[in-house]
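Open the model in a viewer and keep a selection box to hand. The stops below say what to select and what is found there.

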Amino acid sequence: MLASARQQWLASPRRDLMAGTVVALALIPESIAFSVIAGVDPAVGLYASVLIAITIAFVGGRPAMISAATGAMALLMVTLVRDHGIEYLFAASILCGLFQIIIGLLKLGRYIRFVSRSVMTGFVNSLAILIFIAQMPTLIGANWQTYALVVAGLVIIWGLPRLTRAIPSALIAILVLSAVAIGLNLDVKTVGDMGQLPTALPGLHLPMVPLTWETLAIIAPVSATLAFVGLLESLLTASLIDDITDTPSDKDRETRGQGVANIVSGFFGGMAGCAMIGQSMINVTSGARGRLSTLWAGLFLLILILVLQTWVARIPMAALVAVMIVVAIGSFDWQSIRRLRSTPLQSTIVMVATTATVVITHDLSKGVVLGVILSAIFFMRKVGKTLSVTEVEEAEEGVLHYRVAGQLFFGSADLFVASFEYHGQPRRVILDLAQVRIWDQTGVAALDKVLARYRKQGAIVEVNGLAQDSQALVDRLGQPPVPA
């Protein structure tokens, strides 16, 4: 256990600290922007990012992943804040955390593996597009100095690694462009223009809401939605980081950890959050692999907004836009475009539908849920078509012998029933089901229907070779034989 802890915390401290520094700088404008989306003071988003990042570093299941206030969660809070006030938001954040802890204790997080690769690709591509689109307000209508700084930032971020990787190129870009903007007194939008930074540490704050069933009825639907969307984004991001770093993560621990982090945030004046794919990508592409990077991102963010806020407020937004554009381009799975001709049509439909839905609605849950549903439909259709019923020749007159293979469930039940010959008044029917698996009540009902049709004609029906688990299902759910 000690060796594992050392590996997760101290395997590469220098790279973790450097990467966490870049993440903290990029978190400031995003946290403020998400606060604006939710209709709350910038301090709420900043406090949430600090608290969630620090907490998840200890209790999360995916080292090097960044969790903080996010746009996906902020969008779900707008109506609650508008109609009932910020105190109800704090209460909803705490309840959201409780829901997530319960889901983690039930060990449901592991089922993220049932999300198909096509949905994952659509998820990643849609987020890359949304990250890029999110930079447009800073660029549209900006002066030439802003564009010049963005181009310079892109050159530094992409060019510096050719010379050295000792320091993350994104950090160098932010420092150089800040120095240029301040030194030349350029007329460009800065972090300070996004909103007022807080000046005090977050303090313990009990939500000032009445402890009544009415309050629960108000916050429970919002909390449940926040819990679902937050876990969906967090677990998909964790799977993505797993692939990039070729390391495993504990999805159930991550689920519980997200809940703990959101409870802490709610009790200290922050809003609920979740994993951030953009910041997580910045972190791992900057070389981070351990929990120290996440912890330092939260701690350094706190230092920035409380101690160095005068300087932080002067960072040009163009520098951070350049970083996020690189993240968006790097996150997009360009190979998925090149593979369109060779990829099965169903997989392409799932990927495109997921991407388009997320981009159009700006709602990750809608896109991913649609993708999962489409994947399930295509899978069931494909599996259903694999069921085959073959008639075996019999020397004896009046005997029908069928050999069945495949999966018998609601998706293949109709095909199963229609595959038999019911005319000719057979005396005896043999069903060889050794290669069949029956999965549900619809499959059992389909078998009952075939048996009933033959028995109604006076035939003796023999069912041979049914596997033990399928036989148990038939015995429990099937209809008793109808007398001939």
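**Stop 1: the cavity**

The largest cavity holds about 40 Å³ of space. A cavity here is a set of points on a 1 Å grid over the protein atoms alone where a 1.4 Å probe fits but cannot get out, and lining residues have an atom within 4 Å of a point. Grid points are joined across faces, edges and corners, and a volume is the space filled by probe spheres set on the points. This is a predicted model, in which local features need pLDDT of at least 70 and side-chain atom pairs count only at pLDDT 80 or more, while totals for chains, interfaces and linings use all residues. Residues are numbered from 1 along each chain as its sequence is written, and side-chain values use heavy atoms, with hydrogens and water left out.

A search of the whole structure for cavities of 30 Å³ or more finds one. To see its wall, select Ile-56, Ala-57, Arg-62, Pro-63, Ala-64, Met-65, Ser-67, Glu-254, Arg-291 and Thr-294, which line the largest cavity. Two or more of the lining residues come from each of α3 (42–59) and α13 (291–306); helices (H or I, at least four residues) and strands (E, at least two) are DSSP runs, numbered from the N terminus. The lining divides into five nonpolar, two polar and three charged residues. In this count Ala, Val, Leu, Ile, Met, Phe, Trp, Tyr, Cys and Pro are nonpolar, Asp, Glu, Lys and Arg are charged, and the others, Gly among them, are polar.

Stay on Ala-64, in the loop between α3 and β1 (67–68). Its phi is near 75°, a positive value in a residue other than glycine. Most residues other than glycine have a negative phi. Is Ala-64 buried or exposed? Ala-64 counts as buried because its relative accessibility is 1%, where buried means under 20% relative accessible area, exposed over 50% and partly exposed in between (1.4 Å probe, protein chains only).

**Stop 2: the largest pocket**

Next, select Glu-30, Phe-34, Gly-71, Leu-130 and Ala-134. The largest pocket has a volume of about 840 Å³, and these five are the closest to its centre of the 32 residues that line it. A pocket is an open set of points with protein on both sides within 12 Å along at least five of seven lines. The elements that give two or more residues to this lining are α2 (13–38), α4 (71–84), α6 (117–133), α7 (136–139), α12 (277–285) and α15 (317–331). Of these, α2 gives the most, with seven residues. By type, the lining of the largest pocket has 22 nonpolar, seven polar and three charged residues.

Select Gln-135, in the loop between α6 and α7. Gln-135 has a relative accessible area of 8% and is therefore buried. Not counting residues up to four places away in sequence, Gln-135 touches Val-321, Met-324 and Ile-325, contact being heavy atoms within 4.5 Å.

**Stop 3: the second largest pocket**

The second largest pocket has a volume of about 480 Å³. Of its 23 lining residues, Pro-161, Arg-165, Ser-169, Thr-285 and Ser-286 are the closest to its centre. Which element gives the most to this lining? It is α15, with five residues.

**Stop 4: the cores**

Select Ile-28, Met-73, Met-77, Phe-123, Met-271, Ile-282 and Ile-305, which touch the most other members of the largest nonpolar core, a set of 103 residues. A nonpolar core is a set of buried Ala, Val, Leu, Ile, Met, Phe, Trp, Tyr and Cys residues joined through side-chain atoms within 4.5 Å. The largest share of this core, twelve residues, comes from α15. Leaving aside neighbours within four places in sequence, Ile-282 is in contact with Val-22, Val-23, Ala-26, Val-323, Met-324 and Val-327.

A second, separate core has 26 residues, including Val-404, Ala-446, Leu-451 and Leu-473. Then move to Leu-447, in helix α20 (residues 441–456). Leu-447 is buried, at 2% relative accessibility. Beyond residues up to four places away in sequence, Leu-447 touches Phe-416, Leu-431, Leu-433, Ile-438 and Val-474. The C-alpha atoms of Leu-447 and Val-474 are separated by 8.7 Å, although these residues are 27 apart along the chain.

**Stop 5: the end of α5**

Finish at Lys-107, just after α5, where phi takes a positive value of about 60°. Lys-107 lies in the loop between α5 and α6 and, at 41% relative accessibility, counts as partly exposed.
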